[in-house]
Amino acid sequence: MILSFAVPATHATTPTAAPTPQEIDTAVRATIERYKLPGIAVGVIEEGKVVFARGYGETVAGSGDPVTTKTLFKIASNSKAMTAAVLARLVQQGRLRWDDPVVKHLPQFAMHDPWVTRHMTVSDLLVHNSGLPEGGGDLMLWPEPNLFSRDDILRGLRHIKPAYGFRAGYAYDNLLYVVAGEVAAAAGGASYEALVRRELFEPLGLSGCRVGEFSLADAGSVAQPHTRTGERNEAMRRDGAVVPMIASAPAGGIRCGLDDMLAWASNWLLPTEAQKQWLGDAQRVEMWKPRTPMPVSAQRRRWDNTHYYAYGYGFRFADVDGAWTVSHTGTLGGMYSMMMLVPDRRSGFVFMINGDGSNARTVLGQVLLKLFTAPEKSLGVTGYADEVARPASSNGAATSKPSLPDAGKRTPVAPAQLAGWQGTWRDPWFGEVRLCAVDGAVEWRSLKSPKMHGRVGELDGRYLLHWDDPAVDLDAFLMFSAGSSGPRMRMAKIDPAGDFSSDYEDLDFLRVGGCD
């Protein structure tokens, strides 16, 4: 489905002046100070020209290794537009069509509903309207590294129950971008990684970007993710000497430096003749068609006077202060990024953070965007940061967030307490886990996701699984029951509003064996 939007008329306004390097630098430094960021790279384009590009901070906190415009960051879900662009290249070459059924290229593909399986198109893979629950199946992708392959993902999809009707709503997913990468590989006659290098990096000159396995020593400057511990930034999930290929790459596994991300952005804002040969007008139009409506939050309405918000092929579209914007963000465990384009001004910005940067991304993105759309309306870093820190209802009134259980108050569970529920359990898409006695405690351990292991405790009369590895973000409640098919185990996030990629609620385990 392609959408047409009627945008309310706005009064003509004088175009805002180009943001100055001093304004940009001041906003960035204020954001770093407010959120104690370990490192960030920021670039701004005005009228098709890069007017600001600078790195701040360190690749690893305390290392003295500076972030530069060539430092590689995980761009996370900003990879999605690159995956979509590879498909657009293949469409342009006549190797596939957007309306091809997925099964034409991947006969083994299947969704939960056979009708949906037959009718899902290549286009459907990219626009978050499949019916999958938000983040459905993401536990096959993260935490990394894990042992799930792209074939495992293709096999697992059919077991994930839909949350709504096919093409009947919006819910963000990642698995179908992995499928899209496999469609590209089948149509393009090469692996996804080889296609990205051949169809994207090489023709656009993105020589610093990396996808698939690479040597850390050969990559130059590489930012590492951080978490905030008390008053310190601590590097986490650090890369080894060889960075492995990951199944999630088409959804969020590409790394780039700021210079290459600015070149990628410029390609969309003011393409050269060579770039128009790389991707012609017809496919550029397809890439930027709004296709799935997205909800407009109260915050967007209040801050940006936004009337519409929609998803296309790896990009989001919205009106902001009467200006059309094209954007995406990326989030991946201690790495945050944003690319925001204002096409009618042929302007925009990119930034990448290597720390706990969720709120920092929101605030800095808002301040930089306002420099282009309505500088007189900007609340500045302090104003936006204060608003983000103060939860608000739809009318802007302060509200209190429901209190969450305190996992620190859990008590250990002895093996005897769970004697009737120990054993080997299997979920149709996630595979096997063991719930067994270990060193006087009860351990939950995944077979295919090695970082997912922890001890079972008791909290407020419920069983709570606390993960041993900080790479697994959210603890989970365990619920046991006896069903007609045998003992059953379900899970739920300790924080119902937590990261949707911790999709414990989509798991449904049956016991299939003992602990021996």
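1. Helix 6 and helix 7 cross at roughly 75°, and their axes come within 9 Å of each other. Helix 6 is therefore roughly perpendicular to helix 7. The model is a predicted one, and every point below should be read with that in mind. On the helix 6 side the contact is made by G181, A184, A185 and G188, which meet Y192, L195 and R198 of helix 7. By class, the residues of this contact are four nonpolar, two polar and one charged.

2. Helix 7 spans residues 192-204 and also takes part in a link to helix 5, which spans residues 150-157. The link is a salt bridge between E193 and R150, whose closest N and O atoms are 2.6 Å apart. E193 belongs to helix 7 and R150 to helix 5, so that the bridge ties together distant parts of the chain, 43 residues apart. Are the two partners buried or exposed? E193 has a relative accessible area of 6% and is buried. R150, at 10% relative accessibility, counts as buried as well.

3. Helix 5 itself is mostly covered, with six of its eight residues buried. The buried ones are R150, D152, I153, L154, G156 and L157. What do these residues pack against? Their partners are helix 6 (175-188), helix 7 and helix 8 (249-252). R150 thus appears both in the list of buried residues of helix 5 and in the salt bridge with E193.

4. A further salt bridge joins the side chains of E199 and R198, at 2.8 Å from N to O. The accessibilities of its two partners fall in separate classes under the 20% cut-off for burial. E199 has 4% relative accessibility and counts as buried, whereas R198 has 32% and is partly exposed. R198 is also one of the helix 7 residues that meet helix 6.

5. How many salt bridges does a search of the whole structure find? The search gives 32. Among them is the pair E286 and R291, with closest N and O atoms 2.8 Å apart. E286 is buried, having a relative accessible area of 18%, and R291 counts as buried at 6%. Elsewhere, D25, R29 and R54 are joined into one network by salt bridges that share partners.

6. Helix 13 (residues 358-373) packs against helix 14 (residues 380-389) at an angle of about 135°, and the two axes are 9 Å apart. The pair is therefore oblique, and its crossing is right-handed. Helix 13 contributes N359, T362, V363, Q366, V367 and K370, which meet G380, V381, Y384, A385 and V388 of helix 14. The residues of this contact divide into six nonpolar, four polar and one charged. On spacing in such lists: an α-helix has 3.6 residues a turn, so residues three or four places apart point the same way.

7. S77 sits in the loop between strand 3 (73-74) and helix 2 (79-92). It is buried, with a relative accessible area of 10%. Which residues does S77 touch, leaving out those up to four places away in sequence? They are Y172, N174, A251, G252, H328, T329, G330 and T331. F372, by contrast, is 24 Å from S77 in space, C-alpha to C-alpha, and 295 residues from it in sequence.

8. Two backbone features deserve a check, and the general background is this: most residues other than glycine have a negative phi, and most peptide bonds are trans. The bond joining W142 and P143 is cis, with omega about 0°. The bond from E144 to P145 is also cis, with omega near -5°. P143 lies in the loop between helix 4 (114-119) and helix 5, and the place of P145 is in the loop between helix 4 and helix 5 too.

9. The other backbone feature is positive phi. K36, which is not a glycine, has a phi near 50°. K36 is in the loop between helix 1 (21-35) and strand 1 (39-46), and at 34% relative accessibility it counts as partly exposed. E47, again not a glycine, has a positive phi of about 50°. E47 lies in the loop between strand 1 and strand 2 (49-57); its relative accessible area is 36%, and it is partly exposed.

Note on methods: Residues are numbered from 1 along each chain as its sequence is written. This is a predicted model: local features need pLDDT of at least 70, side-chain atom pairs count only at pLDDT 80 or more; totals for chains, interfaces and linings use all residues. Side-chain values use heavy atoms; hydrogens and water are left out. Axes are lines fitted to C-alpha atoms, for helices over the stretch in contact, and angles run from 0 to 180 degrees between N-to-C directions. Helices (H or I, at least four residues) and strands (E, at least two) are DSSP runs, numbered from the N terminus. Angles under 35 degrees count as roughly parallel, over 145 as roughly antiparallel, 65 to 115 as roughly perpendicular and the rest as oblique. A crossing is left-handed if the near helix is turned anticlockwise from the far one by less than a right angle, and right-handed if clockwise. Contact means heavy atoms within 4.5 Å. Ala, Val, Leu, Ile, Met, Phe, Trp, Tyr, Cys and Pro count as nonpolar, Asp, Glu, Lys and Arg as charged, and the others, Gly among them, as polar. A salt bridge is a side-chain nitrogen of Lys or Arg within 4 Å of a carboxyl oxygen of Asp or Glu. Buried means under 20% relative accessible area, exposed over 50%, partly exposed in between (1.4 Å probe, protein chains only).
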